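User: I am new to this structure and would like to learn how to read it. Could you walk me through a few features, one at a time?

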Amino acid sequence: MQKLKLFLVVFLLATSINAKEIIKNPPFIARNNDNIKVTQVELNDTATILSIRMKNYPKLNARIDKDNCIRPSDGGTPLHYKSNINYQVDMAKGEFWIMPDSGAVHFSIVYPKLDPSVERIDFSESEEHKEGYWEIYGIQVRPHVWKSKLPESLQGCWRKADGSNIWAIGLFENLAFYDNKPWQYSTIREEGLKTFISLKNESETKQLTIRLINKKSIGISEANKKETLCVTQPTSLQLFDKNNDKPFTTLFHRNDSATYGGYIKGYATNMPHEASVVYKNMVSGNPEYYPVKINADGTFKSRIPVYYPSNMIFSFLGKNIDVFLEPGKSVYQMIDLANDDYSYFMGSGAWLNAEIAHSGIKEYEYSDALGAMFPNVLLQQFADTVKSIYEQDKIRLANYQKQNPLSKKATRILKNRIEMKQAIALLDYNLYAKNNYGYRQFTSGSDMNASPFKNQTFTESIYNTIGKAFKDSFAISSNQSMETLTKLLRNMPAGSLNDQQKVMALFQNALAYIKKKNQLSANELIVDSLFNEQLKGNKLPEDTIFKGINIKKSIPEFLNKYQTDLSESLKTQTLNNTNESILKVIGKDNIVATLLKVNFYLMPFSNYEFLNEQSKQEVYKNIPNQVLASYVIDKNNELQKQSLLKRQSNIYHLNATPETDNEKLLDAIIGKYKGKVIYIDFWATWCGPCGNAIKRIAPLKEEMKKDNVVFLYLTGESSPKKVWENTIPDIRGEHYRLSNSQWEYICKHFEINTIPHYMVVDKSGKIIDPNSPIEKSNGELKEMLLKLSAQ
């Protein structure tokens with residue numbers, strides 16, 4: 001018996017020492033990329049082990065960053081990886097591996113032991129949430145303990161049961177969302193099947209009585225108000241007042257906006273504190289991004305400029321979530337990232353959004369099915385398949401309407417959506433084919449330049465189908481409308497002239513424009529004549545000097561002098577040709593024709609070229625829609641005012657470039673700041689990665705503004721002067737704009753082949769790092785600069 005007791009003690013000790021808990025396919029709140037998944041979590045007495053499956057195209061490079069970590073979702077100290085299992089290469093060295101033909105790899109990462117009280121964790125490739133790094137939030141590792149006084153049977157989102165499917169109330173663990181607002185629980189009292197809840201916020205209180213009917217339905221009432229029946233699932237009853245079922249009457253609204261807000265279920269403070277609303281504005285001709293601050297409790301609210309009823313995208317953690325906004329209306333949406341459920345809406349625009357969401361007719365549905373058809377599909381087969389899906393969509397909508405009569409607005413939106421989906425799917429044929437071709441060339445090791453991909457020319461029938469998508473002016477409310485026009489441009493037929501002839505004609509017209517606008521000298525008239533002859537294909541005189549002019553030098557010098565006028569003419573001609581081509585497909589009696597005129601006037605604003613009084617009068621004359629004409633004038637005045645205010649910034653210094661030889665120039669610039677550490681950034685206004693990097697280190701520069709460190713920015717003439725002058729006031733530091741020859745010399749001397757590019761200079765003026773790593777974090781960069789400053 002004693003031996004048996006001893007055995008049991010030893011067994012129990014051994015079991016407790018090696019105790020482990022396995023969670024397979026753990027639920028999670030959100031991730032910023034669908035190609036990575038945690039398939040298992042193991043919790044034991046010494047470590048936390050995450051099993052990961054990563055997907056990507058075969059033959060592509062892949063890795064997990066060496067700085068990866070996990071941390072409690074509600075905050076706490078990050079736990080960095082200790083080791084890995086079945087990882088293809090050395091994680092500590094940041095090495096890449098090649099994805100196998102299966103397109104998937106499986107490995108495990110070992111971290112320190114997790115605190116027993118932690119319920120959810122986040123996985124991240126970096127502590128600093130670097131852009132493009134993989135992140136998974138809210139991985140559930142232990143059962144959740146309900147901590148609220150709210151009965152757990154009431155928690156969740158409840159819709160009105162009258163068939164409108166409007167979101168009536170959200171009852172969550174720490175807050176409620178009701179009457180378009182978030183509320184805190186003040187008191188909660190249960191009496192049988194009724195729960196009396198007192199809600200409060202900063203300015204008001206509400207008293208609610210909630211009657212539990214069953215697991216899927218409740219009744220909600222306020223004092224002296226009729227009870228509202230609510231359910232968890234959508235209903236098709238038609239019991240609500242449809243007096244507001246009015247059609248769209250006005251397309252464009254001047255200086256209006258919409259309110260968009262809501263709640264992100266499962267939000268934690270480790271997640272990004274900002275989302276964005278993407279408005280593909282057909283009036284401006286560009287996507288517009290409006291930042292939306294996420295509060296610590298997961299609620300958000302923002303005013304979005306809206307010029308016409310439009311579908312927009314709420315973008316957060318890799319999810320693009322549709323919401324339809326109308327000028328002057330409000331929409332509040334519940335974002336359930338864990339379950340991909342975004343169909344709960346409150347506010348004056350709630351009914352329309354609920355109708356659209358529950359119809360099942362989405363804006364983006366074709367890509368997977370159509371992409372799988374390649375490489376062995378011809379254009380006509382592809383078009384037939386698209387038409388088949390289009391017809392199925394129409395039948396699906398008709399069948400849905402039999403059970404769920406739609407409002408006039410929803411019917412119009414969904415019909416236009418189906419037409420636009422068909423148009424953009426047809427236009428994507430060459431894109432699918434090109435991507436598939438490129439991937440096959442890459443994986444087979446073929447030379448893509450040896451056999452370049454050629455677009456197939458669309459038939460007149462296909463163009464007619466595309467044009468039909470814009471028959472209704474309200475078709476521009478679709479997100480797809482801007483993309484359809486953009487892709488239409490890429491697929492336009494070349495026409496009767498070959499590319500070289502078209503380019504020559506553009507330049508000849510540009511020379512005529514320069515000649516008309518400027519008083520050319522006698523020598524310049526000769527140069528103009530010579531260049532015209534060259535454009536016509538005629539040979540230039542064999543002598544280097546012709547009529548006292550150096551032919552080889554004079555033409556480039558002439559083009560450089562009148563570069564602005566040349567660029568303006570070429571841009572205008574290209575735009576006019578483009579617009580004419582578009583209108584041949586979609587028709588001239590179309591709202592798009594007016595929008596193209598608007599875009600024509602707006603385009604120079606991006607280069608800070610504004611309208612004079614005469615041009616303003618032309619706008620009103622040439623744009624028949626007065627709301628759109630006023631939009632152009634208002635945008636001109638707004639940007640002009642912003643430009644003037646920017647120049648008053650005191651965080652930047654615009655410097656004259658020293659007059660010295662190219663080989664001495666960088667030393668001359670550096671010499672001005674001798675005694676300070678210098679961080680040099682080679683950049684350009686048109687360079688997206690440059691702008692992103694500048695934004696990333698902006699907080700660091702603010703922190704270090706009193707330190708003995710200079711942030712120096714060098715750009716060349718490829719950054720248009722007006723754009724550069726209006727960009728740098730937002731960039732703290734010392735700024736120089738070099739000539740082409742100066743820029744080319746420095747880049748060649750220091751082997752700078754790409755931008756952004758960084759150099760580090762010590763206090764003596766010596767370049768100690770001519771190729772500073774781009775991927776340095778703000779913390780690493782600060783540590784390095786302060787260390788140099790202390791020497």
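**Salt bridges, helices and sheets**

Analyst: Let us start with one pair: arginine 647 and glutamate 725 meet through their side chains in a salt bridge, 3.8 Å from N to O. Arginine 647 sits in the loop between helix 15 and strand 31 (652–654), while glutamate 725 belongs to helix 18 (residues 721–727), so the pair ties together parts that are 78 residues apart in sequence. Keep in mind that this is a predicted model, where local features need pLDDT of at least 70 and side-chain atom pairs count only at pLDDT 80 or more, while totals for chains, interfaces and linings use all residues. Residues are numbered from 1 along each chain as its sequence is written, and side-chain values use heavy atoms, with hydrogens and water left out.

User: What counts as a salt bridge, and how many salt bridges does the count come to?

Analyst: The rule asks for a side-chain nitrogen of Lys or Arg within 4 Å of a carboxyl oxygen of Asp or Glu. By this rule there are 28 salt bridges. As for the words helix and strand, they stand for DSSP runs numbered from the N terminus: helices are H or I with at least four residues, strands are E with at least two.

User: Which residue forms a salt bridge with aspartate 179?

Analyst: That is lysine 206, and the closest N and O atoms of the two are 3.7 Å apart. Aspartate 179 is in the loop between strand 15 (176–178) and strand 16 (181–191), and lysine 206 is in strand 18 (residues 205–214), so this pair ties together parts that are 27 residues apart in sequence. Both also appear in a network of salt bridges that links Asp179, Lys181, Glu204, Lys206, Glu222 and Lys225.

User: Is lysine 206 buried or exposed?

Analyst: The words have cut-offs: buried means under 20% relative accessible area, exposed means over 50%, and partly exposed is in between (1.4 Å probe, protein chains only). Lysine 206 is buried, at 13%. Its partner aspartate 179 is partly exposed, at 34%. Arginine 647, from our opening pair, is also partly exposed, with a relative accessible area of 40%.

User: Where do glutamate 638 and lysine 635 lie?

Analyst: Both are in helix 15 (residues 626–646), three residues apart, which means about one helical turn separates them. Their side chains meet in a salt bridge (3.8 Å, N to O). Glutamate 638 is partly exposed at 37% relative accessibility, whereas lysine 635 is buried at 19%.

User: How do helix 16 and helix 19 cross?

Analyst: To read a crossing, one fits lines to C-alpha atoms as axes, for helices over the stretch in contact, and takes angles from 0 to 180 degrees between N-to-C directions. Angles under 35 degrees count as roughly parallel, over 145 as roughly antiparallel, 65 to 115 as roughly perpendicular and the rest as oblique. Here the axes of helix 16 (residues 662–671) and helix 19 (residues 740–749) come within 9 Å and cross at roughly 85 degrees. The two helices are therefore roughly perpendicular to each other. Contact means heavy atoms within 4.5 Å; Asn662, Glu663, Leu665 and Leu666 of helix 16 make it with Ser741, Gln742, Tyr745 and Ile746 of helix 19.

User: What is the order of the five strands in the open sheet?

Analyst: Two strands pair if DSSP finds at least two bridges between them. The five strands follow the order 1-3-4-10-8, with antiparallel pairing. Strand 1 and strand 8 (83–85) stand at the edges with a single partner strand each, so one side of each is left without a neighbour in the sheet. On average, neighbouring strands of this sheet are turned by 20 degrees against each other, direction ignored.

User: How many bridges join strand 1 to strand 3?

Analyst: Five bridges join strand 1 (residues 20–24) to strand 3, and the two run antiparallel. Within that pairing, lysine 24 has glutamine 40 of strand 3 as its bridge partner. On to strand 4 (residues 47–55): strand 3 pairs with it in the antiparallel sense over seven bridges, and a hairpin joins the two through two residues. Seven of the nine residues of strand 3 (residues 36–44) are buried, so strand 3 is largely enclosed by the rest of the structure.
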